[in-house]
Amino acid sequence: MPIPAESTAITIQRLSIAPVSNSVISRHVAVIGAGAAGLVTARELRRKGHSVVVYERGDQVGGTWVYTAMVESDCLGLDPTRTKVHSSLYGSLRTNLPREAMGFSDYPFFSRDDPDRDPRRFPGHREVLMYLKDFARKFRIGELVRFETEVVRVRLMEGSKWNVKSRKRDEDGAGFDEIFDAVVVCNGHHTEPRIALIPGMNEWPGKQMHSHNYRDPEPFRDQVVVLIGSSASAVDISRDIAGVAKEVHIAARTVGDETFKKQPGYDNMWLHPMIGSVSGDGTVYFQDGSFVLADVILHCTGYKYDFPFLETNGVVTVDDNRVEPLYKHVFPPALAPWLSFVGLTWKVIPFPMFELQSKWIAGVLSNQLMLPSQEEMMEDVETLYSSLEAAGTPKRYTHRMDISQFEYNSWLAAQCGCPGNEEWRVQMYRALGRNKLARPEAYRDEWEDHHLISQAHEDFIKYTSNGVSDKCVSE
Ligand SMILES: Cc1cc2nc3c(=O)[nH]c(=O)nc-3n(C[C@H](O)[C@H](O)[C@H](O)COP(=O)(O)OP(=O)(O)OC[C@H]3O[C@@H](n4cnc5c(N)ncnc54)[C@H](O)[C@@H]3O)c2cc1C
């Protein structure tokens, strides 16, 4: 359905790339994962007439947003044989993005007039799961999903088809093979912990764990905790723990020589430079020479990309957290468009970006949109890598975007002939950044961008009055 002509809140970028073929082709496509990325990918693929199978090893949709109190047997995440838990959510987690900005572009993340729902602008994690379930219900994605079915191998066959081997939970045996024209990987990247390597860590006698296995502060009562990291989770978890712990010491790479800088509003929390080493008597030494005797080191140090099922004969590799080579973070040039990835980027507003990436994939697979040649895509990839190197950006930040996400979204939107970023969403992201700096403790409950909320709601009205539409002008 086209956007009403009177709509001003969205800048429509008219189709920049004409459909390349009149004969729209339908493919058999496997989607791995039914989190936010897999759900919207399934929707976009089906909209283009593809036949879609979504494999999900869990028993419900939502991915990361399916909270579980369960933690892994090795809470540092080093033992490859440990039973894995997918979600990294902690009990107190509230979103770090406002709900208006977070939602898919044509299925707003409204607060619902329902006592069972969380109406806050930065709601608790359950509200996000409910939203994703609403989305799946609205677009009947559930009927495409094979639940409790893990993809154990994806192998390229002769003739650029893919053999996908899957296994139903609790079933022994060889598994089940199925052939697909294309595979879209949407398996998430917040499950495989990355830890800080610290001299002496194997002899250090205290408890070490990764934030992936943090659920609630109670185990840290009266403990001295050293927490490594400065991400959103590190900020949240340090505050959570400070309520019960004896002392919390935050060690961050981004901190200069600010030894024992007490955190405003807390009498038991300090900021330090990174840990230099630890010793067998339980001492943790920071890089500026200061030290504490600690009970726990909590690594809030992010995650690794992991595709244990993917066999591409070395075409796609992961090195220092760069998935390479990928054209625009989506297509490996040599295997495009038959293999693609949705959701690898980080420090972004994820859901609307997933939506654009998957529209692009669906359009290319149906022959309506065209990719450059393999050589041109490789050239683009090399240009990106060179520019990152020239700027001194570490390899592991290849998929990190921040403000550049909006340029990327506009590019994707132009490929698909879709509306690009709504201006209010861009401004809201910027306002959030400023507000977090000004009110690190209270940004979720105090803000000044009321005018942007009004603009977002004006924009949303068309979805409630006209029903949900596909905003692509190419449809
Ligand atoms: C602590 C934390 C806080 C966050 N806060 C926010 C926030 O406030 N706002 C926001 O927008 N985003 C936030 N995010 C980012 C969040 O990851 C994204 O919003 C989004 O949910 C990612 O979706 P996804 O589909 O890419 O991955 P996931 O949600 O991880 O889904 C991947 C799915 O793939 C399945 N899967 C994996 N491997 C296989 C396999 N081999 N076979 C079958 N199925 C498989 C998994 O079971 C899972 O269901 C946060 C992330 C974390 C970790």
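## Position of Glu 311

Glu 311 is located in strand 19, which covers residues 310–311. The model described here is predicted. Glu 311 counts as partly exposed because 15 C-beta neighbours lie inside 10 Å, whereas a buried residue would need 20 or more.

Once neighbours within four places in sequence are left aside, the contacts of Glu 311 are Arg 153, Val 154, Arg 155 and Leu 156. Asp 113 offers a point of reference elsewhere in the chain: 198 residues separate Glu 311 from Asp 113 in sequence, and their C-alpha atoms are 47 Å apart in space.

## Overall architecture

The chain contains nine helices and 22 strands. Along the principal axes, its C-alpha atoms fill a box of roughly 70 × 55 × 50 Å. The radius of gyration is 23 Å, which agrees with a compact globule, because a globule of 475 residues would have a value near 23 Å.

Of the 475 residues, 40% count as buried. Among contacts with a separation of 6 or more, 66% are accounted for by residues 24 or more positions apart.

## Nonpolar cores

In soluble globular proteins, nonpolar side chains tend to be buried together. In this chain, the largest nonpolar core has 75 residues, and those with the most contacts inside it are Val 29, Ala 30, Val 31, Leu 39, Leu 132, Val 183 and Val 184. Helix 5, spanning residues 350–365, gives the most to this core, with nine residues. A second core, separate from the largest one, has 28 residues, including Phe 220, Val 226, Ile 250 and Leu 298.

The surroundings of Leu 39 can be given in detail. Not counting residues up to four places away in sequence, Leu 39 touches Ala 34, Val 61, Leu 132, Phe 135, Ala 136 and Ile 141. One of these partners, Leu 132, is also listed with Leu 39 among the residues with the most contacts inside the largest core.

## Surroundings of the ligand

The ligand is surrounded by 32 residues, of which the closest are Gly 33, Gly 35, Gly 63, Gly 188 and Gly 343. Helix 1 (36–47), strand 4 (149–156) and helix 5 are the elements that give two or more residues to this shell. The most comes from helix 1, with three residues.

By class, the shell around the ligand comprises 14 nonpolar, 15 polar and three charged residues. Helix 5 thus appears in two settings: it gives two or more residues to the ligand shell, and it gives the most to the largest nonpolar core. Strand 4, which spans 149–156, covers the positions of Arg 153, Val 154, Arg 155 and Leu 156, the contacts of Glu 311.

Key:
Residues are numbered from 1 along each chain as its sequence is written. This is a predicted model: local features need pLDDT of at least 70, side-chain atom pairs count only at pLDDT 80 or more; totals for chains, interfaces and linings use all residues. Helices (H or I, at least four residues) and strands (E, at least two) are DSSP runs, numbered from the N terminus. A residue is buried if 20 or more other C-beta atoms lie within 10 Å of its own, exposed if 12 or fewer, and partly exposed in between; C-beta atoms are placed from the backbone. Two residues are in contact if their C-beta atoms, placed from the backbone, lie within 7 Å. The radius of gyration is taken over C-alpha atoms; the globule rule is 2.2 Å times the number of residues to the power 0.38. A nonpolar core is a set of buried Ala, Val, Leu, Ile, Met, Phe, Trp, Tyr and Cys residues joined through C-beta atoms within 7 Å. A residue is near a molecule or strand if its C-beta atom, placed from the backbone, lies within 6 Å of it. Ala, Val, Leu, Ile, Met, Phe, Trp, Tyr, Cys and Pro count as nonpolar, Asp, Glu, Lys and Arg as charged, and the others, Gly among them, as polar.
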